[in-house]
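Please open the model in your viewer with the cartoon and the side chains available, and follow the selections below in order.

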Amino acid sequence: MPTTPADSPQHRHPITGQFTSEPVFDDNAEAYWEGIARETVEFHRRRGRWPSQRAMDREGFLGGWLNGQRSAARTGRMSDTRHAYLDELDPAWLPNRSGH
C-alpha cells in the first residue's frame with residue numbers, strides 16, 4: 001500500500017495533462033469523449049479558430065480528434081446523441097453540413 005504521494009501510481013488526465021493518483025474516468029469512454037469535445041470547443045472559443053491537426057502538441061491531438069468526428073458525422077458513423085452533444089456545445093463544429 002503506498003504511503004506517500006510519490007509512491008502512488010500516477011494517471012495522466014486526458015484533458016488537462018496533469019497527473020493524479022486517482023483513476024481519471026474509471027474507463028468511462030463516453031465521459032472521456034465528452035471531455036475531449038468540451039476541450040475542443042473551448043479551444044475554438046479562446047482562439048477564434050478550430051485546432052489544427054498539423055500542430056505537434058495538444059492542439060494537434062484536438063485537431064485530429066475533431067477531424068475524425070467530422071468524418072464520422074459526414075459518413076453517418078456518428079450517433080445522433082454525440083452529434084446533438086456537439087451541436088449543443090457549438091453548432092459551427094461541422095461546417096458545410098448537408099442536413100443531419
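Is the crossing of α1 and α3 left-handed or right-handed? Before turning to the view, keep in mind that this is a predicted model. Select α1 (29-47) and α3 (80-89) together, and the crossing that appears is right-handed. The two helices pack at an angle of about 30 degrees, and their axes lie 10 Å apart. Because angles under 35 degrees count as roughly parallel, α1 and α3 are described as roughly parallel to each other.

With both helices still selected, show the side chains at their interface. From α1 come E30, W33, E34, A37, R38, V41 and R45, which meet R82, Y85, L86 and L89 of α3.

Next, keep α1 alone and follow it from its start. There, a side-chain oxygen of N28 reaches to within 3.2 Å of the backbone nitrogen of E30. The helix has 19 residues and spans 27 Å from its first C-alpha to its last, close to the 27 Å expected at 1.5 Å a residue. Colouring by accessibility should pick out W33, G35, I36, A37, E39, T40, V41, F43 and H44 as buried, and the buried residues of α1 pack against both α2 and α3. Just after the helix, stop at G48, where phi is positive at about 75 degrees.

Now move to α2, residues 58-74, which has 17 residues and reaches 24 Å from first C-alpha to last, close to the 24 Å expected at 1.5 Å a residue. At its start, select D57 and E59: a side-chain oxygen of D57 comes to within 3.0 Å of the backbone nitrogen of E59. The buried residues of this helix are E59, G60, L62, G63, W65, L66, Q69, R70, A72 and A73, and the buried residues of α2 pack against α1 and α3. Following α2 is G76, with a positive phi near 75 degrees.

Which residue should be selected in the loop between α2 and α3? Choose R77, which lies in that loop. Its relative accessibility is 58%, and since exposed means over 50%, R77 counts as exposed. Setting aside neighbours within four places in sequence, R77 is in contact with S71 and A72. For a last view, display the side chains of R77 and S71 together, where a polar contact between them is found at 3.1 Å.

Technical notes. Residues numbered from 1 in each chain as written. Predicted model: local features only at pLDDT ≥ 70, side-chain atom pairs only at ≥ 80, totals over all residues. Heavy atoms only, no water. Helix = DSSP H or I, 4+ residues; strand = E, 2+ residues; numbered from the N terminus. Expected span 1.5 Å × (residues − 1). Buried < 20%, exposed > 50% of the residue type's maximum accessible area, 1.4 Å probe, protein only. Contact = heavy atoms within 4.5 Å. Polar contact = N/O pair within 3.5 Å; in protein donor to acceptor, adjacent residues only side chain to side chain. Axes fitted to C-alpha atoms, helices over the stretch in contact; angles between N-to-C directions. Parallel < 35°, antiparallel > 145°, perpendicular 65-115°, else oblique. Left-handed = near helix turned anticlockwise from the far one by under 90°.
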